[in-house]
Amino acid sequence: MNAPDLERLRPRLPSPLEPVEDERFARHGLTLLLKRDDLIHPDLPGNKWRKLALNLRAAEGRPVLTFGGAYSNHLRATAAAGRLLGFPTIGVVRGDELAGRPLNPSLARCAADGMRLLFVDRAAYRAKHEPAVLAGLLERAPGAPGDVYVVPEGGSNALAVEGCAELGRELAGGADVAAVACGTGGTLAGLAAGFPGPVLGVPVLRGGFLGGEVRALQEAAFGGPRGDWRLDERFHCGGYARTTPELDAFADAFGARHGLAIERLYVAKLLHGLVTLAEEGAFAPGTRIAAVVTGSPEPQADSSR
Ligand SMILES: *Cc1c(COP(=O)(O)O)cnc(C)c1O
């Protein structure tokens, strides 16, 4: 089989870099720019395109098996790629209690794109990269087990990190500081490798484990540490998918003011963190800060393609 040709999907690359007028930055002499990765492709937005591109090339049209939670943007992007490029996809979903129930809008879209969904209990999900557990999953997948290309949870592996280095190269010269929200840290690991200035990561999960993950991903992708990055662990609002009334109000107001719907799980926390850091005087006057808009809001039950 041949490697799928992603260029056929006409990605909008490099993604636009747009200055926004916001007095919370301007009053400190700062410029906020939005790196609109959410506009790369309507079905594979944001960092998911960058993380999948080299993996899909490596998969060469074989079935792709990957993992995610019930609202995973990564599962949706993988399913869409399979539909658009014509290869089978298998999504291993955390939570066996979901099996046999009506699918939520995110999983419904995966299924509509032809993704075969395998629901597994949380213990098996945690152990998914152990050879025996993975072999069991591959047995439930179509085709010969040796013929399936496995992408880890969140899509983060060495090829994904390499793909995200391009994000940093696109920003070089256009911004002095780059900032991104982090789930698995794969996007940050690549961005920091490609960008010549300091890079800030804002984890949306609590736990303080992410620094080690980013170092491991850079080791796998590049053979050692790259770039000047740091994490600010203060802005997760209690953990993944957690929110506060303050964060919701902030995201609504920011979206209304600047004319774009703000994705809540990641992008809202990043922008809120940047406003706080600007207030704290964390950036020198004159600094141009590029915030990566890594995605768009998830589909609602009534949304159409
Ligand atoms: C997946 C995702 C992220 C997290 O990317 P990682 O590489 O896992 O850190 C950030 N923002 C959005 C919108 C995402 O969908």
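Where is Glu60 found? In this predicted model, Glu60 sits in the loop between H2 and strand E3 (64-68). Its backbone is a bit out of the ordinary, with phi near 50°, a positive value in a residue other than glycine. Most residues other than glycine have a negative phi, and most peptide bonds are trans. As for solvent, Glu60 counts as partly exposed, because its relative accessibility is 41%, and a residue is called buried under 20% and exposed over 50%.

Arg10 also stands out by its backbone: this residue is not a glycine, yet its phi is positive, at about 50°. Arg10 belongs to the segment before E1 and, with 71% relative accessibility, counts as exposed. The segment before strand E1 (17-20) is home to Pro14 as well. Here the peptide bond is the thing to look at, since the link from Leu13 to Pro14 is cis, with omega near -10°.

Back at H2, the helix itself is worth a look. Helix H2 (residues 47-59) meets helix H7 (residues 158-171), with axes that come within 7 Å and cross at roughly 135°. That angle makes H2 oblique to H7, and the crossing in which H2 passes H7 is right-handed. On the H2 side, the contact is made by Arg50, Lys51, Leu54, Asn55 and Ala58. H7 brings Leu159, Ala160, Glu162, Gly163, Cys164, Glu166, Leu167 and Glu170 to the contact. Sorted by class, the residues where H2 touches H7 are a mix: six nonpolar, two polar and five charged.

Now for the interior. In soluble globular proteins, nonpolar side chains tend to be buried together. The largest nonpolar core here has 32 residues, and the ones that touch the most other members are Phe25, Leu32, Leu34, Phe254, Ile262, Leu271 and Leu274. Which elements give two or more residues to this core? The strands that do so are E2 (31-35), E7 (177-182), E8 (198-203) and E10 (288-292), and the helices are H10 (245-258) and H11 (267-279). H11 gives the largest share of this core, with eight residues. Apart from that core lies another one, made of 21 residues, including Ala178, Ala189, Phe195 and Trp229.

Leu32 gives a feel for the surroundings in the largest core. Setting aside neighbours within four places in sequence, Leu32 is in contact with Glu18, Pro19, Val20, Phe25, Phe254, Leu274, Ile289 and Ala291.

Leu30 lies in the loop between helix H1 (23-26) and E2. Is Leu30 buried or exposed? Leu30 is buried, because its relative accessible area is 5%, and the cut-off for that label is under 20%. Not counting residues up to four places away in sequence, Leu30 touches Phe25, Ala278, Phe283, Ala284, Pro285, Thr287 and Ile289. With Ile289, the C-alpha atoms are separated by 7.4 Å, though the two residues are 259 residues apart along the chain.

Another loop residue, His236, is found between strand E9 (228-231) and H10. His236 is buried too, with a relative accessible area of 16%. Which residues is His236 in contact with, leaving aside its neighbours within four places in sequence? They are Pro203, Val204, Leu205, Arg206, Arg242 and Lys269.

Note on methods. Residues are numbered from 1 along each chain as its sequence is written. This is a predicted model: local features need pLDDT of at least 70, side-chain atom pairs count only at pLDDT 80 or more; totals for chains, interfaces and linings use all residues. Side-chain values use heavy atoms; hydrogens and water are left out. Axes are lines fitted to C-alpha atoms, for helices over the stretch in contact, and angles run from 0 to 180 degrees between N-to-C directions. Helices (H or I, at least four residues) and strands (E, at least two) are DSSP runs, numbered from the N terminus. Angles under 35 degrees count as roughly parallel, over 145 as roughly antiparallel, 65 to 115 as roughly perpendicular and the rest as oblique. A crossing is left-handed if the near helix is turned anticlockwise from the far one by less than a right angle, and right-handed if clockwise. Contact means heavy atoms within 4.5 Å. Ala, Val, Leu, Ile, Met, Phe, Trp, Tyr, Cys and Pro count as nonpolar, Asp, Glu, Lys and Arg as charged, and the others, Gly among them, as polar. A nonpolar core is a set of buried Ala, Val, Leu, Ile, Met, Phe, Trp, Tyr and Cys residues joined through side-chain atoms within 4.5 Å. Buried means under 20% relative accessible area, exposed over 50%, partly exposed in between (1.4 Å probe, protein chains only).
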